[in-house]
2 protein chains.
Amino acid sequence: MAKVTAEISMSLDGFVAGPNQTLEDPLGAGGEQLHEWAVRTKTFRELHGQEGGDTDSDDEICAASVPAIGAIVMGRKMFSGGEGAWADDPNANGWWGDDPPFHKPVFVVTHHEREPYVVADMTFTFVTDGVERAVELAREAAGELEVGISGGASAIQQALDAGLVDELRIHLVPLLLGGGVRLFDEADGRAQRLEQTSLQESPTGVVHLTFRTT
Amino acid sequence: MAKVTAEISMSLDGFVAGPNQTLEDPLGAGGEQLHEWAVRTKTFRELHGQEGGDTDSDDEICAASVPAIGAIVMGRKMFSGGEGAWADDPNANGWWGDDPPFHKPVFVVTHHEREPYVVADMTFTFVTDGVERAVELAREAAGELEVGISGGASAIQQALDAGLVDELRIHLVPLLLGGGVRLFDEADGRAQRLEQTSLQESPTGVVHLTFRTT
């Protein structure tokens with residue numbers, strides 16, 4: 001069965017977005033620094049239809065991850081770019097534009113029923129039966145490839161707590177944000193050991209950590 | 001001037017002690033797992049008057065840190081072993097016993113005035129003027145050596161926020177505790193970049209990270 005991986009960039013103080021998120025600034029104050037290591041890479045730029053970019057070890061991390069994933073699960077806020085958009089207009093098309101950088105099926109965990117949204121080379125499918133059902137559908141779509149849970153924090157926590165995540169990949173960024181969206185809220189019963197299976201340094205000081213749930 | 005380092009073991013979800021701390025269990029549920037990498041080492045056992053212990057790379061981490069530090073700053077809870085002891089008896093002698101493992105001057109940040117407490121080969125000095133004053137006194141005591149802020153979370157945060165910490169050493173343990181005492185609470189104005197200056201893997205899956213504040 002397809003392996004399920006959750007992957008996200010986190011500050012040393014545990015945040016995956018900074019404080020004061022808005023629709024215009026969905027990463028919050030300082031949050032864009034979480035992704036600097038990735039956005040400068042060749043692989044990232046290609047996904048976004050851009051040329052150029054760095055080809056160092058950070059690019060290798062991106063280049064290894066992207067083709068391994070056959071389908072993506074994300075939370076509603078990650079689709080709509082924060083709190084505002086969806087609530088104002090349930091048919092808004094998120095903030096990913098007319099050429100989203102995913103290029104594979106995306107399953108959005110949401111409370112709002114909606115027909116699939118086809119855009120460019122991909123389809124967003126909206127799943128109202130919870131993260132387990134979203135992962136199940138993504139597994140069918142991924143075939144032999146991995147299912148990637150790409151955020152936000154809530155979707156990753158729900159998947160972890162439901163025992164759905166085989167591998168957790170954290171890009172630990174040498175940064176204190178002082179507030180924002182925590183990857184890990186407090187959660188009764190979450191206590192578990194992980195197995196640290198790989199570790200790679202980055203020219204940008206980011207530490208790429210992979211953990212297997214046991 | 002003496003370098004000030006803060007050093008602590010933290011779970012991947014950001015906790016330095018587990019939930020439900022008590023005087024008998026000051027590390028909280030599951031919290032002892034944060035320190036397993038250290039307590040099994042030769043250096044740690046020697047500090048506690050015990051023989052034997054492992055001599056692998058985790059021991060090298062401990063063996064490098066201990067002689068570099070000339071004086072220690074800690075918070076009141078770390079001295080007294082949690083919330084209960086001191087509040088019940090302001091003259092209680094903490095939970096470090098009659099042969100504390102520090103073997104160098106310790107400055108305890110507290111609201112309770114108290115005469116210095118001399119025990120075995122060391123003295124606990126109680127500082128009621130805040131963490132800056134405690135660090136100042138520790139600097140005088142440390143001479144050319146480092147001042148080590150060894151916890152708890154509150155003392156480290158206060159020192160970080162006051163700009164007193166030169167180097168932050170985090171032992172990142174592959175573990176989710178799901179609750180307890182966070183190293184990093186939310187704090188307005190804490191946002192800062194750090195420089196990741198060293199990284200060492202452990203046979204136990206712990207990642208030893210050193211950051212310089214910039």
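# Working through a two-chain predicted model

Chain A has a mean pLDDT of 92, and 94% of its residues reach 70 or more; pLDDT is the predictor's confidence in each residue, from 0 to 100. The model scores ipTM 0.94 and pTM 0.95. Since we're looking at a predicted model, local features need pLDDT of at least 70 and side-chain atom pairs count only at pLDDT 80 or more, while totals for chains, interfaces and linings use all residues. Residues are numbered from 1 along each chain as its sequence is written, and chains are lettered from A and ligands numbered from 1 in the order in which they are written.

## Exercise 1: a sheet with a guest strand

Task: Find the order of the 10 strands in the open sheet that starts with S5(A), and say which strands stand at the edges.

Solution:

Step 1. Get the terms straight. Strands (E, at least two residues) and helices (H or I, at least four) are DSSP runs, numbered from the N terminus. Two strands pair if DSSP finds at least two bridges between them.

Step 2. Walk across the sheet. The order is S5(A)-S6(A)-S4(A)-S3(A)-S7(A)-S1(A)-S8(A)-S12(A)-S11(A)-S9(B), and the pairing is mixed.

Step 3. Check the ends. S5 (117–119) of chain A and S9 of chain B each have a single partner strand, so one side of each has no neighbour in the sheet.

Step 4. Zoom in on one pair. S3 (residues 69–75) and S4 (residues 106–109) of chain A run parallel, with 4 bridges. Here A:Ile72 has A:Val106 as its bridge partner in S4(A).

Step 5. Add the helices. H3 (residues 57–68) of chain A packs on the sheet at about 95° to S3(A), touching S1, S3, S7, S11 and S12 of chain A. H6 (residues 131–142) of chain A also packs on the sheet, at about 160° to S3(A), and touches S1, S3, S4, S6 and S7 of chain A. These angles, from 0 to 180 degrees, are between N-to-C directions of lines fitted to C-alpha atoms, for helices over the stretch in contact.

## Exercise 2: where the chains meet

Task: Work out how many residues of chain A are in contact with chain B, and which element of chain A gives the most.

Solution:

Step 1. Count the contacts. 28 residues of chain A are in contact with 28 residues of chain B; contact takes C-beta atoms, placed from the backbone, within 7 Å.

Step 2. Pick out the elements. On the side of chain A that touches chain B, S9, S11 (192–201) and S12 (207–213) give two or more residues. S11(A) gives the most, with 7 residues.

Step 3. Sort by type. That side of chain A holds 13 nonpolar, 8 polar and 7 charged residues. Ala, Val, Leu, Ile, Met, Phe, Trp, Tyr, Cys and Pro count as nonpolar, Asp, Glu, Lys and Arg as charged, and the others, Gly among them, as polar.

Step 4. Follow a strand pair across. S11(A) and S9 (residues 175–176) of chain B are antiparallel, with 2 bridges. A:Gln192 has B:Leu176 as its bridge partner in S9(B).

## Exercise 3: the other sheet's edge

Task: Find how S5(B) and S6(B) run, and which residue in their hairpin has a positive phi.

Solution:

Step 1. Place the edge. S5 (117–119) of chain B and S9 (175–176) of chain A are edge strands, each pairing on one side only.

Step 2. Look at the pair. S5(B) and S6(B) run antiparallel, joined by 3 bridges, and B:Val118 has B:Thr123 as its partner in S6(B).

Step 3. Look at the turn. With 2 residues between the strands, the hairpin has B:Ala120 at a positive phi near 50°.

## Exercise 4: buried or exposed?

Task: Decide whether A:Ala2 is buried or exposed, then do likewise for the residues of H7(A).

Solution:

Step 1. Recall the cut-offs. Buried takes 20 or more other C-beta atoms within 10 Å of a residue's own, exposed 12 or fewer, and partly exposed is in between; C-beta atoms are placed from the backbone.

Step 2. Apply them. A:Ala2 lies before S1 of chain A and is buried, with 20 other C-beta atoms within 10 Å.

Step 3. Turn to the helix. In H7 (residues 153–161) of chain A, 7 of the 9 residues are buried, so the helix is largely enclosed by the rest of the structure. Among them are A:Ala153, A:Ile156 and A:Leu160. After H7(A) comes A:Gly163, with a positive phi near 70°.

Note on methods. Contact = placed C-beta atoms within 7 Å.
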